[in-house]
Amino acid sequence: MAERERRTTPPYGGVFVPRTRIMDAEAVRRAITRIAHEVIERNAGLEDVVVVGLQTGGVPLARQLADELERIEGTEVPVGTLDVAFYRDDIGLRPVMPEAVTNIPVDLGARVVVLVDDVLFTGRTIRAAMDALTDFGRPRAIQLAVMIDRGHRELPIRPDFVGKNLPTRRDEAVDVHEDGVDLGDMVKGARR
Amino acid sequence: MRHLLSISDLGREGIEELLDLTDSFVEVAERRIPKVPALRGKNVVSLFYEDSTRTRLSFETAAKRLSADTMNFSVSTSSVKKGESLKDTVETIEAMGIDCIVVRHGSAGVPWQIASWVDASVINAGDGWHEHPTQALLDCYTIRQELGGFTDKRIAIVGDVKHSRVARSDVLAFTALGASVTLVAPPTLLPPSLEGWPVDVSHDIDEVLPKVDVVYLLRMQKERQTEALLPSLREYTATYGLTRDRARLLQEHALVMHPGPMNRGVEIAAEVADLPRSVITRQVANGVAVRSAVLFLLLGSGSDLHV
């Protein structure tokens, strides 16, 4: 399998084929603005707040959220990226390779980490991410922001900030990209 | 990929993928807790029939960074002393339930032989004069880190090429990545035939040094000198050693590398190893990250380099 192809192939194999546009780019932007206000409200400001995006889908959203936080409060927020490949619980069950090098720019001890991902599904990635984060120090709190909560949790994890709750079937797939959010299916052998 | 026996198993794409994966483990090493749970429950045994400090410790550290369990087998305190054959030793170890054997042996080909006997992954940590793939990978990683890549780079490998598994693996890896390699050695310390080696040969180090981006010094392997190949070590140092005077011939950006352990005052002057462009301790540090990448690729990733 070519590197590019493996990278775009999710756990269950196949290629994403979109069916319905759930949010357009403008709706995503508004959701980020609202989440930014919620983050500031919850933490009574931005003191000690660090935004960490999960590879790969959470990274651009984390950047946008941090920009929005800075715009509203006028203070700079550290932004990191986290790859959880080495913490996954399905190592040995499917191909697992890091997508990118993790970059946490500050010690997380006593910080409030706002973890950002695009889609919350089984919760296993978040479980892995919480394990990974604690290797960078002991955060005072970890809060979870996701653009889409699609249900089907397998672990006792719930998000603190949600762009949109989207009821889905288990076999459907959700894709968050720069033009918005699509609901569709993973199709084996299909071309994007 | 199940085993890492030779650099030629990887090819250019495989080497580059491994170096990319190594970046992630360099980052892990910088964390407050430099350990990830990726290989929990995996058992890695090092089976060393030859002495080694850095390679054995490096593999052990690499495995522990991944939370694997490690076992150590050293020949001097084992049943090999009682005459146990290699096959019996390997089968005994495998019966204990292991996932990976890291093997070093004085005879070329032993890792291949072991790979044919066991289900576990086998990593060649040096077989005779033949290959030492993880050393070559950490050398490649260090060069890429320092010089940014291999295109149009010139690398001189200086010294006892004949007895050097490091040189064999390095030539394969450096040339696969696009560098040009010059071997610099007295004729007695070159292999009897260099047919098929994509390298140039020189016997004049002073002429080569000003042109290269990397000078890679090999250890003078006193323990493998079975015949009188050199008049004396002093003469070798005078004609091929990287003395302080010779180091001045190097370009400012040129790296000085050595696989260790160094014979200070023989192939390398004592103070040259401490030059700013000497990356010898960097090689050791990178060795742990590269070996973590190899272990993760073989035991954890479930990924296949060659599909």
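The questions and answers below walk through a predicted model, looking at its strands, its nonpolar core and the contact between its chains.

Visitor: Which residue in E8(A) is the bridge partner of Thr20(A)?

Guide: Strand E1 of chain A, residues 15-24, pairs with strand E8 of chain A, residues 180-187, in the antiparallel sense over 8 bridges. Within this pairing, the partner of Thr20(A) in E8(A) is Leu183(A).

Visitor: Through how many residues does a hairpin join E7(A) to E8(A)?

Guide: Strand E7 of chain A, which covers residues 172-177, pairs with E8(A) in the antiparallel sense over 6 bridges. One bridge there links Asp175(A) to its partner Asp182(A) in E8(A). The hairpin that joins E7(A) to E8(A) passes through 2 residues.

Visitor: Which helix gives the most to the largest nonpolar core?

Guide: The largest nonpolar core has 145 residues, and those with the most contacts inside it include Leu65(A), Val215(B) and Leu295(B). The helix that gives the most to this core, with 11 residues, spans residues 280-299 of chain B and is H10.

Visitor: Why does this core lie between two domains of chain B, and which domains are they?

Guide: In soluble globular proteins, nonpolar side chains tend to be buried together. Here the core receives residues from both 7-132 + 284-299 and 133-283 of chain B, so it lies between domain 1 and domain 2.

Visitor: How many charged residues are on the side of chain B that touches chain A?

Guide: In this contact, 16 residues of chain B meet 17 residues of chain A. Sorted by class, the chain B side has 6 nonpolar and 5 polar residues, while its charged residues number 5.

Conventions: Residues are numbered from 1 along each chain as its sequence is written. Chains are lettered from A and ligands numbered from 1 in the order in which they are written. This is a predicted model: local features need pLDDT of at least 70, side-chain atom pairs count only at pLDDT 80 or more; totals for chains, interfaces and linings use all residues. Two residues are in contact if their C-beta atoms, placed from the backbone, lie within 7 Å. Ala, Val, Leu, Ile, Met, Phe, Trp, Tyr, Cys and Pro count as nonpolar, Asp, Glu, Lys and Arg as charged, and the others, Gly among them, as polar. Two strands pair if DSSP finds at least two bridges between them. Helices (H or I, at least four residues) and strands (E, at least two) are DSSP runs, numbered from the N terminus. A nonpolar core is a set of buried Ala, Val, Leu, Ile, Met, Phe, Trp, Tyr and Cys residues joined through C-beta atoms within 7 Å. A residue is buried if 20 or more other C-beta atoms lie within 10 Å of its own, exposed if 12 or fewer, and partly exposed in between; C-beta atoms are placed from the backbone. Domain bounds come from an automatic or database domain assignment.
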